[in-house]
Amino acid sequence: MTMSTKLPSIRRQLITRLMTLLVLTVVMTFIATRQVAFSSLQQAQDQSLSAVAQVVADSLVMSDGRVDFTLPYPAFEVLAYQGPEALFYRVVGPASETLAGYADLPVLESNSETLVYRDVEVRVFQIEKRIRNDRPPVKVLIAQTQDELNKTVTSIASRAAFGLVGIFCLVAALVFAALQSGLRPLRHIERALSERQDDDFSSLEFDAPAEVTGLVNTLNRSLEKHRQLLDRSRAFIAEATHQIKTPIASLAAEADLLAQEAPAPVKSEIAQLAIHARQTSRLAEQLLTRAALRYREGLQHRKRQPIAPLLDSVAAGFEPLAEEKDVAITVISEPKNCVFDAVTLREALVCLLDNALKASPNLGDIQLHAATQPGGLEISVIDQGPGFAADLPPGTGLGLELVRGVAEAHGGSFTHSHREGRTCCTLYLPQ
Amino acid sequence: MLHAVLTAIGLMASSAMASDWIEAEWSGGSGKTPLTVYGTFDLPVFKPLLEAFSAQHPEYQLRYWLASSTAIDRHVSGAQRPDADLVFSSAVALQLRSVNGGQGLAHDNAPDAWRARLFPLAVEPIVAVYHTERAPWIDQVKSRKHLTELLTDRQSTTRATGVMYDPRQSGVGYLLATQDVEQSSAYWPMLDAIGSSGGWSLRCCSAQMIDSVESGAVDLAYNVLGSYAQARVQANPKLAIKVFGDYQLVMPRTAWIPRWSGNPSGAKEFIEFVRSDAGQALLPAGSRLNQLYRQVGAPRKSIRLTPALILYLDPAKRRQFLATWDTVVNPID
């Protein structure tokens, strides 16, 4: 199974995107709030400056040919109440002469302007008033620094930005909680799939949110397809086993018969054919048994039944061959009823006995021995053969893999040993 | 010893240079870094504070130049400004004009400071002084309005003469008069009432005003600096302080650090020291900052540190004020 390409985790992606969004929104909010706050506070400042300028302008009169006016102390004090800003003013007469205030405060082209005066930024408001129609107007200028205003603006913008960070943290927490609960069904599926048996193809049954229902349904459909495929394979193998075993067995039997009656010139070839036929029959049986093992549904066919008849029947099957080599096959069966699957266990024993008979010297003996062990049943096949090579490669046709497969399908094990001229193959089946 | 002599010689040299406008001087500390303070606070009153700071900060060579507020302002605002690390003056309008014009250096802000640049270090309550034998009835006067009524009542035989600052001569006098105008509508009628009754004398300074009362020439000295009045009343039991019940002006003595200060950190330490509890304790009780919050039977109106103060410094506004003044006050002396 190949690992799928690793994409960054959803959480990390979410964090990255949320953080980017957060930084962008906070910066934008700060800038936007600053601008809004600044323009509204400056508007308010303009209004107070214009009010004071208006009061001065309203007081302008001509008396004895001179421009006269009042600089109202309370009005200027009101400006100071709005914040400790530096204050500048100037009254410019019709002949551009300074009548009062700071003579170097520049006259404006427009009503209001922000300019640098005495090294600091000041907001200037200017009002023009014509006292006599035939002369240029008198100009009244009031100017204030914007230190406190800027401080207030920054404080407002910071508060807005901090508030946003707070809201954002709350949203992020909610998003992560939602993600956590959103991913929970996926973990349920993962756990359900990893915990189930290999051959369990039943549907996943749990309540899934709408977003995950599709996945669960697809998984269930896929499981169902696999189950149907497996069923068809099982049916096919059962059919094949049945269809092939019988003709090959009868082919082998007829070859044996033919070998006995064949005329001398071809007798040896026929005998050889018979042997090959038998080997093919055995091989077919083994392969089919292995296939059957793989596709048998677990150990559903295990049941409690007498063991002795199985052993006797297997031994009886080898009687003709044993007689040819004058080998004696002894069956010792201590336990009576045991739990096993008769079909597969028979194949395993046939395989072991076949090996034992081939390995046995003439006049040797073979024991087929079933014994009760603590917690299980032990079936041993003991012969006087040379034993297995130490580095026995798989697929030697000895069928040991099949034997091991049978043992494991029963939840047991298969071991073999060679000691004092005897080889012992043992199947252990827990009961 | 030699060092002291050298210092004395150095002082004589510098005082010789500045002698035309410097009224008194004090020097302390043997440090290399000079810390120069220009102030209007009288030396005998301010000396304990200077000595305490100098003892605490021997690293500075502390110099205090005493001068009139107008002289200090003229020099500090002029083109040939003197080396100064702190300008400490009672002329709050002049002080504010300097700082408003951008001459002050920013320091830590304090609630009672203006733009973190102009700091009140002490206050000067403004009082009236009268002669208890010549005019005992003044003790019973409730307010400026009450005084006006007593003098203008047709049946009343009460007459009074008064002395006050000449606003043309004295910056403080001009400031107090203009503050009275802005503070109360009872001011002009009161000036008119005394003027019509016994008449006004005008003087340059608090001391001369109290002299006039002490000599019996006038009944009432109006708008006298509290610290002077206190000292004189203690010396002469025939004199008494009068605080009118409608309001009492309190003038802040403020300080700012010039932009061109060579020792701004020393100046800041000096400000902090004078404003600290230890520093305030060395001031006359009536001049401490906490006086503002003391109840004395009259609402205390501290002259607020606002740029509106500079309006009366404007020649146009000054001309208008003095024109009105002249129509009301016809000094007899």
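**Exercise 1. Find where A:Asp119 sits, then describe its backbone and its exposure, doing likewise for A:Arg118.**

Solution. Start with location: A:Asp119 belongs to the loop joining E5 and E6 of chain A. This is a predicted model, so treat every value here as computed. Next, look at the backbone: the phi of A:Asp119 is near 70°, a positive value in a residue that is not glycine. For context, most residues other than glycine have a negative phi. Now turn to exposure. Over 50% relative accessible area is the cut-off for exposed, and A:Asp119 counts as exposed because its relative accessibility is 67%.

Then take A:Arg118, which lies in the loop between strand E5 (112-117) and strand E6 (120-129) of chain A. A:Arg118 also has a positive phi, about 55°, although it is not a glycine. With a relative accessible area of 34%, A:Arg118 is partly exposed.

**Exercise 2. Work out how H8 and H9 of chain A pack, and what precedes H8.**

Solution. Begin with the geometry. Helix H8 (residues 342-359) and helix H9 (residues 400-409) of chain A pack at an angle of about 145°, and their axes are 9 Å apart. The crossing of H8(A) past H9(A) is left-handed.

Next, list who meets whom. From H8(A) come A:Thr344, A:Leu345, A:Glu347, A:Ala348, A:Cys351, A:Leu352 and A:Asn355; from H9(A) come A:Leu400, A:Leu402, A:Val403 and A:Val406. Sorted by character, the residues of this contact give 8 nonpolar, 2 polar and 1 charged.

Finally, step back to A:Asp341, in the loop between strand E10 (337-340) and H8 of chain A. A:Asp341 is buried, because its relative accessibility is 5%. The side chain of A:Asp341 makes a polar contact of 2.8 Å with the side chain of A:Thr344, and A:Thr344 is one of the H8(A) residues that meet H9(A).

**Exercise 3. Check the length of helix H6 of chain B, then inspect its N-terminal end and its buried residues.**

Solution. First, the length. Helix H6 (residues 171-183) of chain B has 13 residues, so at 1.5 Å a residue it should span 18 Å. Its end C-alpha atoms are 18 Å apart, which agrees. If you wondered about the arithmetic, the expected span takes 1.5 Å times one less than the number of residues.

Second, the end: B:Ser170 caps the N-terminal end of H6(B), with a side-chain oxygen 3.3 Å from the backbone nitrogen of B:Val172. Third, burial: among the buried residues of H6(B) are B:Val172, B:Tyr174, B:Leu175, B:Gln179 and B:Asp180.

**Exercise 4. Describe the surroundings of B:Val129 and A:Glu97.**

Solution. Take B:Val129 to begin with; this residue is found in strand E5 (residues 119-131) of chain B. B:Val129 is buried, since its relative accessible area is 0%. Setting aside neighbours within four places in sequence, the contacts of B:Val129 include B:Val213, B:Asp219, B:Leu220, B:Ala229 and B:Leu239. The C-alpha atoms of B:Val129 and B:Val233 are separated by 8.3 Å, with their positions 104 residues apart along the chain.

Now move to A:Glu97, in the loop between strand E3 (87-92) and strand E4 (98-101) of chain A. A:Glu97 is partly exposed, with a relative accessible area of 30%. Not counting residues up to four places away in sequence, A:Glu97 touches A:Val91 and A:Val92. To finish, the side chain of A:Glu97 reaches the backbone nitrogen of A:Ala95 at 2.9 Å.

Definitions and conventions:
Residues are numbered from 1 along each chain as its sequence is written. Chains are lettered from A and ligands numbered from 1 in the order in which they are written. This is a predicted model: local features need pLDDT of at least 70, side-chain atom pairs count only at pLDDT 80 or more; totals for chains, interfaces and linings use all residues. Side-chain values use heavy atoms; hydrogens and water are left out. Axes are lines fitted to C-alpha atoms, for helices over the stretch in contact, and angles run from 0 to 180 degrees between N-to-C directions. Helices (H or I, at least four residues) and strands (E, at least two) are DSSP runs, numbered from the N terminus. A crossing is left-handed if the near helix is turned anticlockwise from the far one by less than a right angle, and right-handed if clockwise. Contact means heavy atoms within 4.5 Å. Ala, Val, Leu, Ile, Met, Phe, Trp, Tyr, Cys and Pro count as nonpolar, Asp, Glu, Lys and Arg as charged, and the others, Gly among them, as polar. Buried means under 20% relative accessible area, exposed over 50%, partly exposed in between (1.4 Å probe, protein chains only). A polar contact is a pair of N or O atoms within 3.5 Å; within protein, one must be able to donate a hydrogen and the other to accept it, and residues adjacent in sequence count only if both atoms are side-chain atoms.
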